[in-house]
Amino acid sequence: MIKITSYSPAICIMGPTASGKTKLAITLKKYLPVELISVDSALIYRDMNIGTSKPTTEELIKTPHRLINIRDPSQIYSVSDFRIDALKEMSNITLKGRIPLLVGGSMLYYKILFTGLSPLPPANQIIRKYIQQQILLQGKEILHHKLQKIDPISASKIHKNDQKRLSRALEVYFISGKTLTELTKISGQPLPYHVKQFVIAPSNRTLINKRIELRYYKMLESGFETEVQKLFSRKDLHINLPSIRCVGYRQMWLYLSNKINYNEMISSSICATKQLAKHQMTWLKKWNSLHWLDSDKPKQALNIILKNYINIK
């Protein structure tokens with residue numbers, strides 16, 4: 001039986017949105033014994049296909065992606081859920097004698113996968129309810145001031161209006177007696193694989209912005225509004241769910257709610273997607289051990305990965 005060790009190979013293809021990650025991964029499967037795992041916080045949701053640029057049904061039949069369509073849009077999926085699921089899928093692939101190929105642009109997912117989770121306590125509904133009551137009675141500013149006394153570092157990173165993060169920081173302290181800052185300094189278990197990490201991205205930001213605009217208009221032509229209308233008609237979905245907060249869906253939801261007009265929906269969606277790409281690139285520029293690939297030179301990108309494969313076998 002194959003034993004999973006720090007020498008077990010794995011490949012990651014990262015990059016900003018609209019950079020061609022999925023296309024490269026699908027092509028790579030023709031040359032290497034890989035199986036794909038999606039690293040995307042939007043692709044996990046069923047019935048959200050057009051706005052997430054999910055691989056087509058035909059592509060998924062030919063090249064299955066694990067961790068796609070694993071949740072209903074009404075459900076919550078955490079980074080810890082992802083790490084558990086991803087490690088399980090990586091183990092299954094490795095034990096088959098094949099190589100896990102992780103592809104996607106959810107950088108926080110990658111970070112938690114590589115470094116492990118800090119030992120934060122699970123949610124406590126009684127304490128969480130108490131904190132929510134205090135926010136209603138005293139206001140967010142008072143609670144934020146209390147957090148400043150308890151954990152000034154976390155308080156400096158959490159805006160007083162960010163009720164979710166403010167509540168969680170206080171909850172962690174009330175449950176464990178330790179601050180969020182203290183606990184996040186404690187590392188979890190690192191990823192037990194020898195990973196080759198690749199980034200595919202355009203040579204300049206103007207190109208990625210043009211791709212984002214073209215892709216969004218193509219989504220509209222493909223029926224994106226109809227897709228969101230079906231979600232909008234469900235009584236169990238609302239704009240504060242993580243699924244509906246996905247870029248593009250939130251803006252379309254606001255349009256369907258008559259909060260913004262059609263042109264505002266388009267411009268805000270494109271703007272939000274560009275901001276997402278910028279944020280992803282900021283993460284990647286701080287990352288170590290990356291091999292950068294030019295998305296405008298797909299053959300060259302493929303050859304670079306194949307050459308590096310020799311070093312991870």
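Visitor: Which helix gives the largest share of the lining of the second largest pocket?

Guide: Helix H13 does, with six residues. A pocket is an open set of points on a 1 Å grid over the protein atoms alone where a 1.4 Å probe fits, with protein on both sides within 12 Å along at least five of seven lines; lining residues have an atom within 4 Å of a point. Helices (H or I, at least four residues) and strands (E, at least two) are DSSP runs, numbered from the N terminus.

Visitor: On what footing do these statements rest?

Guide: This is a predicted model, in which local features need pLDDT of at least 70 and side-chain atom pairs count only at pLDDT 80 or more, while totals for chains, interfaces and linings use all residues. Residues are numbered from 1 along each chain as its sequence is written, and side-chain values use heavy atoms, without hydrogens and water.

Visitor: What makes the pair of Phe-232 and Trp-253 edge-to-face?

Guide: The structure holds 10 aromatic pairs. In the pair of Phe-232 and Trp-253, the centres are 5.0 Å apart and the planes stand at 70°. Rings of Phe, Tyr and Trp (its six-membered ring) pair when their centres lie within 6.5 Å, and planes under 30 degrees apart are stacked, those over 60 edge-to-face and the rest tilted; therefore these values qualify as edge-to-face.

Visitor: Why is this pair said to tie together parts that are apart in sequence?

Guide: Phe-232 belongs to helix H11 (residues 224-232) and Trp-253 to helix H12 (residues 249-256), so the pair joins parts 21 residues apart in sequence.

Visitor: How do you know whether Trp-253 is buried or exposed?

Guide: Buried means under 20% relative accessible area, exposed over 50%, and partly exposed in between (1.4 Å probe, protein chains only). Trp-253 has 5% relative accessibility, so it counts as buried. Phe-232, at 31%, is therefore partly exposed.

Visitor: Which other residues of H12 are buried, and against which helices do they pack?

Guide: Besides Trp-253, the buried residues of H12 are Tyr-249, Gln-251, Met-252 and Leu-256. The buried residues of H12 pack against H10, H11 and H13. Just after H12, Asn-258 has a positive phi of about 65°.

Visitor: What makes a set of residues the largest nonpolar core, and which members touch the most others?

Guide: A nonpolar core is a set of buried Ala, Val, Leu, Ile, Met, Phe, Trp, Tyr and Cys residues joined through side-chain atoms within 4.5 Å. The largest one has 52 residues, and Met-14, Tyr-110 and Tyr-216 touch the most other members. Among the elements that each supply at least two residues are strand E1 (9-14), helix H4 (107-115) and H12. H13 gives the most to this core, six residues.

Visitor: Which residues are in contact with Met-14?

Guide: Contact means heavy atoms within 4.5 Å. Leaving aside neighbours within four places in sequence, the contacts of Met-14 include Tyr-110, Phe-114 and Trp-287. Ring pairs link Tyr-110, Phe-114, Trp-283 and Trp-287 into a cluster.

Visitor: Why is Trp-292 called partly exposed?

Guide: Trp-292 has a relative accessible area of 42%, which is why it is placed between the two limits. Trp-292 lies in strand E6 (residues 290-294). Beyond its neighbours within four places in sequence, Trp-292 is in contact with Val-199, Ala-201, Met-281, Leu-284 and Lys-285.

Visitor: What is said of Pro-64 on the same scale?

Guide: Pro-64, at 46% relative accessibility, counts as partly exposed. Pro-64 sits in the loop between helix H2 (57-62) and strand E3 (65-66).
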